[in-house]
Amino acid sequence: MYQTVRGAVVRKRFAAFPLATGATFLILLFSVVQHLPGGERFVNHIGVVRASLPLDLSLLRTPLSLYVPALDLPVWGALAQVFVVFAIAEVVLGRRMTLVVAYTCTLAGTLFARVGVAIGPGHLFGFPKWVAYVRDTGPSAAVVALAICIAFRTRAWFTATLVVVLMVGEAVLLPNLAGLEHVVAVITALLIAVSVEVFGDFWPRVLAGVGAATSVATVASLEVAKEARRRPAGAVIP
């Protein structure tokens with residue numbers, strides 16, 4: 001993995017990581033804007049998700065919510081995490097897969113929060129009603145999920161195990177919305193990683209086989225047609 005990422009950096013510099021660079025810039029931008037007069041209200045209207053919001057509005061805001069950092073945490077931590085993990089993911093997984101994992105796992109956490117509030121604190125994964133009004137934003141779930149997928153793709157089993165243990169430990173020691181959303185992100189990322197390993201190249205192989213069979217059948221048909229034209233009328237083709 002190190003050699004792959006290093007080679008991309010040597011060849012293209014920051015141009016090798018447009019997705020990571022763009023995500024880092026958006027987090028910095030939202031951090032600056034939400035600390036300006038009236039900026040927090042603006043960010044709340046376009047990128048902040050809460051379980052109390054209507055589902056369609058939450059789904060609309062979820063893509064931007066990934067880039068809205070928490071107000072009570074230092075933004076430099078989010079910037080460093082996002083740039084490093086997104087950059088590695090961009091090289092190891094590809095840009096399309098990086099986006100799929102990041103948004104799918106962020107969305108899974110958002111939907112989990114709604115389900116937890118709906119079932120209530122009487123259940124193991126339930127939350128009290130006030131959690132519905134907690135601001136649910138930030139890139140942490142995406143970062144955790146991408147770390148799992150990167151480790152799975154590069155067969156870094158120790159790293160994958162360490163991330164899982166840390167996230168489960170966080171959820172047990174600090175049972176809050178963020179901790180449980182990280183566990184949901186880990187589970188979702190593992191499902192994505194396993195499905196890609198099992199089914200990722202299945203259909204391309206099938207289509208390649210169908211294409212090869214079609215080519216062979218076409219060539220055979222042409223040969224039979226040529227042979228038929230060479231033979232006199234009424235002759236039997238063996």
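This section describes helix 9 and the two largest pockets of a predicted model.

Helix 9 comprises 23 residues, from 177 to 199. Its end C-alpha atoms lie 32 Å apart, which agrees with the 33 Å expected for 23 residues at 1.5 Å a residue. The buried residues of the helix are Leu177, Gly179, Leu180, Glu181, His182, Val184, Ala185, Val186, Thr188, Ala189, Ile192 and Ala193. Elements covering these buried residues include helix 6 (95–119), helix 7 (140–153) and helix 8 (157–173).

The largest pocket holds about 800 Å³ of space. Its lining consists of 35 residues, of which Ala70, Leu73, Thr137, Ser140 and Ala178 are the closest to the pocket centre. Helix 9 makes the greatest contribution to this lining, with 5 residues, and at least two residues each come from helix 5 (75–92), helix 6, helix 7 and helix 9. The lining of the largest pocket divides into 19 nonpolar, 12 polar and 4 charged residues.

The second largest pocket contains about 180 Å³ of space. It is lined by Gln81, Ser140, Val143, Val144, Ala147, Thr159, Leu162, Val163, Leu166, Met167 and His182. Two or more of these residues are supplied by each of helix 7 and helix 8, and helix 8 gives the most, with 5. By class, 7 residues of this lining are nonpolar and 4 are polar, while none is charged. Ser140 appears in the lining of the second largest pocket and is also among the residues closest to the centre of the largest pocket. His182, another residue of the second lining, is one of the buried residues of helix 9.

Methods
Residues numbered from 1 in each chain as written. Predicted model: local features only at pLDDT ≥ 70, side-chain atom pairs only at ≥ 80, totals over all residues. Heavy atoms only, no water. Helix = DSSP H or I, 4+ residues; strand = E, 2+ residues; numbered from the N terminus. Expected span 1.5 Å × (residues − 1). Buried < 20%, exposed > 50% of the residue type's maximum accessible area, 1.4 Å probe, protein only. Contact = heavy atoms within 4.5 Å. 1 Å grid on protein atoms, 1.4 Å probe; cavity = no way out; pocket = protein on both sides within 12 Å on 5 of 7 lines; lining within 4 Å. Points joined across faces, edges and corners; volume = space filled by probe spheres on them. Nonpolar A, V, L, I, M, F, W, Y, C, P; charged D, E, K, R; others polar.
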